[in-house]
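Here's a quick briefing to read with the model open beside you. Take a look at the fold first, then work through the notes below.

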Amino acid sequence: MIGDAAHDPTSDHTPHNFPGWGSQIVTAADFPNRPDLGLDAHRVLDDIRRSRDPRVKYGISNGQIYSSYAVSGYGAWDWRPYNPKNGDKHFTHGHLSVVGDARADGTQPWQTIGADVAGEEDDDDMGASFGPITIEREGLTSLTIPPVQGGAADPRSAWLNFCNDTGQPYALRIWYSTGNEGFSPFPGTNGGLLAIRSGQRWSQEIPAGTACLSILRQAIDPDGNIVPPDGRLPGLRRPPDVRHRARRGHPEVRIGHRGPRRREQGRRRGP
């Protein structure tokens with residue numbers, strides 16, 4: 001697919017000459033991300049990634065990129081964060097670039113759209129990989145993903161996995177949304193809060209229909225208490241009741257909902 005004038009001239013969408021192979025050849029193609037119509041670009045690219053096809057140079061989808069060669073601390077074929085200068089993280093379409101040599105002329109079928117990969121066990125019942133994601137130290141980390149268990153397009157389940165490799169404990173405030181203008185606490189957490197020790201791995205299945213994740217890193221004080229976040233997440237359907245009270249000089253965070261007030265019982269004074 002040939003890029004327009006706005007494309008970077010070094011892009012694989014721009015024709016290039018490849019000595020010994022050919023001249024003015026485009027080595028990249030884009031395709032829509034439409035899980036609702038049966039084309040999940042991320043799943044297509046992840047299937048190709050797992051197949052280790054020799055024609056592949058790199059693939060991009062959903063703010064993630066992988067390549068057939070190691071880059072900046074990431075191994076070959078590993079998903080890694082993709083943050084281009086133009087801001088296009090490829091949520092609406094997928095990108096596939098092939099190598100610039102005779103290997104790209106191969107006519108073998110692409111191992112994708114749920115096809116079994118030679119030499120690997122069929123793991124179609126497991127959710128697609130969304131690669132390693134770095135949680136911001138300050139502010140929100142917002143993730144938009146294809147709807148989990150989105151019908152015929154991709155009925156597979158998906159899991160959220162965390163691993164603390166910072167050398168110190170911290171907490172996460174995790175909310176999810178199905179795109180209905182409201183957020184809810186993520187399952188398996190304490191009202192949306194999760195404390196993780198250094199070296200600990202945590203895994204939880206993502207609720208069906210989830211399309212958005214909102215994650216906020218929070219500190220843990222020397223006594224092991226989670227430092228409460230500032231403010232509440234906009235659009236929360238059932239905001240938690242967060243109250244602070246002094247207890248031996250340390251704040252206490254209570255998350256829950258106020259129950260009905262108990263009516264006082266007593267004798268009536270006077271005649």
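Which residue follows H1, and what is the sign of its phi? That residue is Arg52, and its phi is positive, near 55°. Keep in mind that this is a predicted model. The notes start with helix H1, move on to the salt bridges and finish with strand S14.

**Helix H1 and its ends**

- H1 covers residues 41-51, and the helix is mostly covered, with eleven of its eleven residues buried.
- If you want to click through the buried residues, they include Ala41, His42, Val44 and Leu45, along with charged-pair members such as Asp46 and Arg49.
- What do the buried residues of H1 pack against? Four strands turn up here: S3 (28-32), S4 (56-61), S5 (64-67) and S7 (93-98).
- At the N-terminal end, Asp40 acts as the cap of H1. One of the side-chain oxygens of Asp40 sits 3.1 Å from the backbone nitrogen of His42.
- At the other end, Ser51 still belongs to H1, and Arg52 with its positive phi comes right after the helix.
- Is Ser51 buried or exposed? Ser51 has a relative accessibility of 18%, so it counts as buried, the cut-off being under 20%.
- The Ser51 side chain also reaches back to the backbone oxygen of Ile48, at 2.7 Å.

**Salt bridges**

- Side chains of opposite charge can pair when their charged atoms come close.
- How many salt bridges does the structure hold? There are six, and three of them are picked out below, starting with Arg49 and Asp46.
- Arg49 pairs with Asp46, and their closest N and O atoms are 2.8 Å apart.
- Why are Arg49 and Asp46 separated by about one helical turn? They are three residues apart in helix H1, which means about one turn lies between them.
- Both partners are tucked away: Arg49 is buried at a relative accessible area of 12%, and Asp46 is buried at 5%.
- Arg50 and Asp47 make another salt bridge, with 2.7 Å between the closest N and O atoms.
- Arg50 and Asp47 are also three residues apart in H1, so about one helical turn separates them. Arg50 and Asp47 are both buried.
- Arg103 and Asp101 meet through their side chains in a salt bridge, at 2.8 Å from N to O.
- Where do Arg103 and Asp101 stand on exposure? Arg103 is partly exposed, with 45% relative accessibility, and Asp101 is partly exposed too, with a relative accessible area of 26%.

**Strand S14 and its partners**

- S14 spans residues 212-218 and is mostly covered, since six of its seven residues are buried.
- Which way do S8 and S14 run relative to each other, parallel or antiparallel? Strand S8 (residues 140-144) and S14 run antiparallel, and five bridges join them.
- To find this pairing on screen, go to Leu143, whose bridge partner in S14 is Leu213.
- S14 also pairs with strand S10 (residues 170-177), again in the antiparallel sense, over seven bridges.
- For the S10 pairing, look at Leu172, whose bridge partner in S14 is Arg217.

Methods. Residues are numbered from 1 along each chain as its sequence is written. This is a predicted model: local features need pLDDT of at least 70, side-chain atom pairs count only at pLDDT 80 or more; totals for chains, interfaces and linings use all residues. Side-chain values use heavy atoms; hydrogens and water are left out. Buried means under 20% relative accessible area, exposed over 50%, partly exposed in between (1.4 Å probe, protein chains only). Helices (H or I, at least four residues) and strands (E, at least two) are DSSP runs, numbered from the N terminus. Two strands pair if DSSP finds at least two bridges between them. A polar contact is a pair of N or O atoms within 3.5 Å; within protein, one must be able to donate a hydrogen and the other to accept it, and residues adjacent in sequence count only if both atoms are side-chain atoms. A salt bridge is a side-chain nitrogen of Lys or Arg within 4 Å of a carboxyl oxygen of Asp or Glu. Contact means heavy atoms within 4.5 Å.
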